[in-house]
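Reader: Pick one part of this model and take me through it slowly, please. I'd like the terms spelled out as you go.

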Amino acid sequence: MKTTKIPSNNFRRGLNWGWRQKSKTSKCPPTPRLDKEVVVITGGNAGVGFETVKGLLARGAKVIFLARNKEKSDRVLETLKGNLHFVPLDLGDLDTMEHAVFKIKNILNGRSINSFICNAGIGGTYPFTLSPQGFELTFAVNVLGHHALFKHLHDGGLLSKNARIIAVTGDLYFQADDCSTDYEYTGSRSMQAYARSKVGVMWWGLQCHKLHPEYRVNLVHPGVIPMGLGADQNSIMIRIMSALLLSPEGGAQTTLNVATQPDIENGAYYHNTMGKAILPEGDIALDEKRSKDFWNTLEDIYQSYALKN
């Protein structure tokens, strides 16, 4: 994949989200095959996650997908053909984690996970809500839940040596200036909560790469997909956005490339239109002290939760 330096100018950077996205997003080749590999992915029952699962199965992988909605997940099992398994998990509720990992271990039956894809996430389309453990829900789902799941898989020895760890982020993270456990907002939605959570994903991925050299860790911006913009698919807004942005299938291509292609650089950030993206100087994701402190905060929460269970 090509290498591009991200512009330091935010307007120019934002243009990369939508300008000619479809033509600039590299379609993942059908090879190499993944017939001997096991992939665990969160949020595999809809949107980009569903298309990623579909692409992994087409390449022969054994896929275990985790999601909250059983009805939608059962339809995925009926629709897709291949070595596919569903495990219920609510990333926003740490109390559901242990049972999910137990089920994953049973499905593995002695095998190891070759790729773990942190794909699931919620947007800023909810009123301010707390998780069962008392954390703002966007943070709890998009960041904390994935950290806890990773720790369970790592501590349980379920990840293979040199496993791929792929964290799906969003390049609009540069619109936020922090990610914390105590963010609050008013109103029916908050894109700032979403952007902040993606700062957290960036910090998490870069620290995971630094602290776990035994794995291949990458961050992925899949593109901008017109999901959840409205029920009327014939509306003018939906038609304009659909023309500019990616379909869920298009949005799955960068994750599939990073999960399958041999030329992927360990620790790099991959962008759907820019390939391997070099972050500009001063980018918030590169703040080593804050990212380290953030990882330690996640660790403290996880350890506190683990001690109670």
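**The largest cavity and its surroundings**

Author: Let's start with the residues around the largest cavity: C118, A120, N142, V143, H146, A167, V168, V201 and W204 form its lining. A cavity here is a set of points, on a 1 Å grid over the protein atoms alone, where a 1.4 Å probe fits but cannot get out, and lining residues have an atom within 4 Å of a point. α6 (137-155), β6 (159-168) and α7 (191-211) each give two or more residues to that lining, and α6 has the largest share with three. Those names follow DSSP runs numbered from the N terminus, with helices (H or I) of at least four residues and strands (E) of at least two.

This is a predicted model, so to speak plainly about the limits: local features need pLDDT of at least 70, side-chain atom pairs count only at pLDDT 80 or more, and totals for chains, interfaces and linings use all residues. Residues are numbered from 1 along each chain as its sequence is written, and side-chain values use heavy atoms, with hydrogens and water left out.

Back to the hole itself. The largest cavity has a volume of about 80 Å³, a volume being the space filled by probe spheres set on grid points joined across faces, edges and corners. Its lining has seven nonpolar, two polar and no charged residues (Ala, Val, Leu, Ile, Met, Phe, Trp, Tyr, Cys and Pro count as nonpolar, Asp, Glu, Lys and Arg as charged, and the others, Gly among them, as polar).

There are two cavities of 30 Å³ or more. The second largest holds about 40 Å³, and its lining is E136, F139, C179, S180, Y183, A193, R196 and S197. This time α7 gives the largest share, three residues. The mix is four nonpolar, two polar and two charged.

Now α6 again, from its helix partner. The axes of α6 and α11 (residues 288-308) come within 10 Å and cross at roughly 65°, which makes the two helices roughly perpendicular. Axes are lines fitted to C-alpha atoms over the stretch in contact, with angles from 0 to 180 degrees between N-to-C directions; under 35 is roughly parallel, over 145 roughly antiparallel, 65 to 115 roughly perpendicular and the rest oblique. In contact (heavy atoms within 4.5 Å) are, among others, F139, V143 and H147 of α6 and F294, W295 and Y305 of α11. By class, this contact has 11 nonpolar, two polar and three charged residues. V143 thus turns up in the cavity lining as well as in the helix contact.

Definitions and conventions. 1 Å grid on protein atoms, 1.4 Å probe; cavity = no way out; pocket = protein on both sides within 12 Å on 5 of 7 lines; lining within 4 Å.
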